[in-house]
Amino acid sequence: MKAYLEDVFKTSGIPKHTFVRPDEYNTILVSLRTKGRCLVVEGPSGIGKTTCVIKVIEELGLNKNVTALTARKKDDLEMIKLLPDFQGMGTVIIDDFHLLEFDLKSSIADYMKVLADEERVNDKLILIGINKAGDSLVQIAGDLNNRIDTIKFEQNPPNKITELIGLGEEALNIRINTKEDIAQLAKGSFHIAQLLSKETCIDSEVLETCEETKDIKSSIEVIREKVLSDFDRIFYPKARKFAIGNRLRREGRAPYLHLLYWLSLSEEWAIQIDDLYLKYPENKLSITQIVDKGFLEAIIRDNEELKDVVHYDTNSRVLAVEDPKFMFYLRNVLWSKFAEKVGYISLTFSNKYDFALSFAGENRELASKINDLLLDREISVFYDKNEQSRILAENVEEYLAPIYKSEAYFVVVLLSKDYPKKIWTKFESDNFKERFGTNSIIPIWYSDNYPSLFDETQKLGGLNFDPSKDLDEQAKEIVDIIIQKLSDHRNEAKG
């Protein structure tokens, strides 16, 4: 029987010719046969979760009384709100349930407990979402965990991908020479495998079942570049919008860009913010700044073009990719070139901190203002109050010494009359004094200071501060100048 290419390698909908049972198929089947027990299916987009659930429902003969809803449609949301009021609702699928608002998730969680406790024979609720989406439900209702089945879809192994391609070859009467390469590029995604296979056939002018077996000899690199070129037009604007956050700060630590980069490295297509703090401690300060102040949540919520490609759950603090094509784009983009094209000076940084502040306690007001202005510009700065939790129970001298010796590229020293009188400022200056002459010490002289108390700094170019004048205006001027110094340094390092 003749088959058309678009029906064989399908990039949307349920595949007829190329359905492959994922490893989780039988687990889902047993769960759906269990009376009154609801099901949460989670995993990366594009690996066949929804297709698998529908196929199992068909096999069990449950498809006569199935209602399929999605959290993406307004009308469906109204229906979801009414579910707890229904009796004999049958089998209800809620796709993309991770997009539901907190209150609605809470209502659904309570309803699932009721269904489980009453062991209803004819009612079943199936929630389908991205990786770690089930975590938000458990956090809302901890006692739900033992009342439902949570099935996590893993990336499909290469043999499942090649099985899919093989079914397509059979339907079209072809042999694809790059089958193994496609399986590697797909990285577990049935959707991407379908897309790459379809493009391979188009490139070889195979649009329907061949009368005689045809060997397709194509270049995987040509197909990959064609797909990436097509994706670049679609996804670069979205990726750039996310990467710059509210506005581009070229000299900053680029926290949004780093989140996007770390997503590209994630096997699960999702990253947990608290895990990032442990894995990338040098980026903790800049990431904390955008997460804890709600900027990350807002940038996705307020930009429609981002909602289709990424999702952030404030309860589980998980950032995840929604679109498998976007994930393919992120995984194959050249990140150094992407960062440069977006407008950042660099994606990598040689020092843990851009600036460390050294000051007497009497001068905390200026230090605090400089710290706030630097953080707003996505600059990494060591300021003692930012690090209190990390310093706690540590040997303070051992913790601080390397920061002032080398971990901060620039040390900003607030030289008031009180500076030489303090024990900690003496300790800090003892650790950075060997850096004089390396263009990394920036003195800020208070107008009430006596130059003879810190003569070494008189050899350096520095800035002035007058406590009798406007604090905000002077702090802004200081920050503008030292950030320009940082920008010049990064441009020089870049060559």
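**Reading the labels in this structure**

Tutor: Let's start with Arg-317, which sits in the loop between β9 (310–313) and β10 (318–321). Keep in mind that this is a predicted model.

Student: What makes the backbone at Arg-317 worth a look?

Tutor: Its phi is positive, at about 55 degrees, although Arg-317 is not a glycine. Most residues other than glycine have a negative phi. Glu-378 also has a positive phi, of about 60 degrees, and is not a glycine either. You will find Glu-378 in the loop between α18 (364–376) and β12 (381–382).

Student: Why is Arg-317 called buried?

Tutor: Its relative accessible area is 18%. The word buried is used under 20%, so Arg-317 earns the label.

Student: And how do you know whether Glu-378 is buried or exposed?

Tutor: Use that cut-off again: under 20% is buried. Glu-378 has 6% relative accessibility, so it counts as buried.

Student: What makes β11 (353–358) an enclosed strand?

Tutor: Six of its six residues are buried, so β11 is largely enclosed by the rest of the structure. Helix α18 lies across β11, β12, β13, β14 and β15, and runs at about 170 degrees to β11.

Student: How do you know that β11 and β13 pair?

Tutor: Pairing needs at least two bridges. β11 and β13 have five bridges, in the parallel sense, so they meet the rule. Within this pair, Phe-355 stands opposite Phe-410 in β13.

Student: What about β11 and β12, how many bridges join them?

Tutor: Two bridges join these parallel strands. At least two are required, so β11 and β12 count as a pair. Here Ala-356 stands opposite Phe-382 in β12.

Student: Which strands make up the open sheet, and in what order?

Tutor: The open sheet has five strands in the order β12-β11-β13-β14-β15, with parallel pairing. Strands β12 and β15 (463–465) are called edge strands, as each pairs on one side only. Inside the sheet, β13 (408–415) and β14 (441–446) pair over five bridges, and Val-411 stands opposite Ile-441 in β14.

Student: Let's turn to charges. Why is the contact of Asp-232 and Lys-341 called a salt bridge?

Tutor: The side chains meet at 3.8 Å, N to O. The limit is within 4 Å, so the pair qualifies. Asp-232 lies in helix α10 (220–244) and Lys-341 in helix α17 (335–342), so this salt bridge ties together parts that are 109 residues apart in sequence.

Student: How do you know that Asp-384 and Arg-364 also form one?

Tutor: Their N to O distance is 2.8 Å, and the rule asks for within 4 Å, so this is a salt bridge too. Asp-384 is in the loop between β12 and α19 (388–391), whereas Arg-364 is in helix α18, so the pair joins parts that are 20 residues apart in sequence.

Student: Arg-301 and Asp-302 meet in a salt bridge as well. Why do they get different exposure labels?

Tutor: Exposed means over 50%, and partly exposed lies between 20% and that value. Asp-302 has 52% relative accessibility, so it counts as exposed. Arg-301 has 45%, so it counts as partly exposed.

Student: One last point: which residues make the nonpolar surface patch?

Tutor: Met-79, Leu-82 and Phe-86 make this patch of about 230 Å². Patch residues need over 30% relative accessible area. Leu-82, in helix α4 (74–82), has 43% and counts as partly exposed, so it passes that test.

How values were computed. Residues are numbered from 1 along each chain as its sequence is written. This is a predicted model: local features need pLDDT of at least 70, side-chain atom pairs count only at pLDDT 80 or more; totals for chains, interfaces and linings use all residues. Side-chain values use heavy atoms; hydrogens and water are left out. Helices (H or I, at least four residues) and strands (E, at least two) are DSSP runs, numbered from the N terminus. Buried means under 20% relative accessible area, exposed over 50%, partly exposed in between (1.4 Å probe, protein chains only). Patches are made of residues with over 30% relative accessible area and no salt bridge: like charges are joined within 9 Å, nonpolar side chains (Val, Leu, Ile, Met, Phe, Trp, Tyr) within 5 Å. Accessible areas come from the Shrake-Rupley method with a 1.4 Å probe; for residues, only the protein chains shown count as cover. Contact means heavy atoms within 4.5 Å. Axes are lines fitted to C-alpha atoms, for helices over the stretch in contact, and angles run from 0 to 180 degrees between N-to-C directions.
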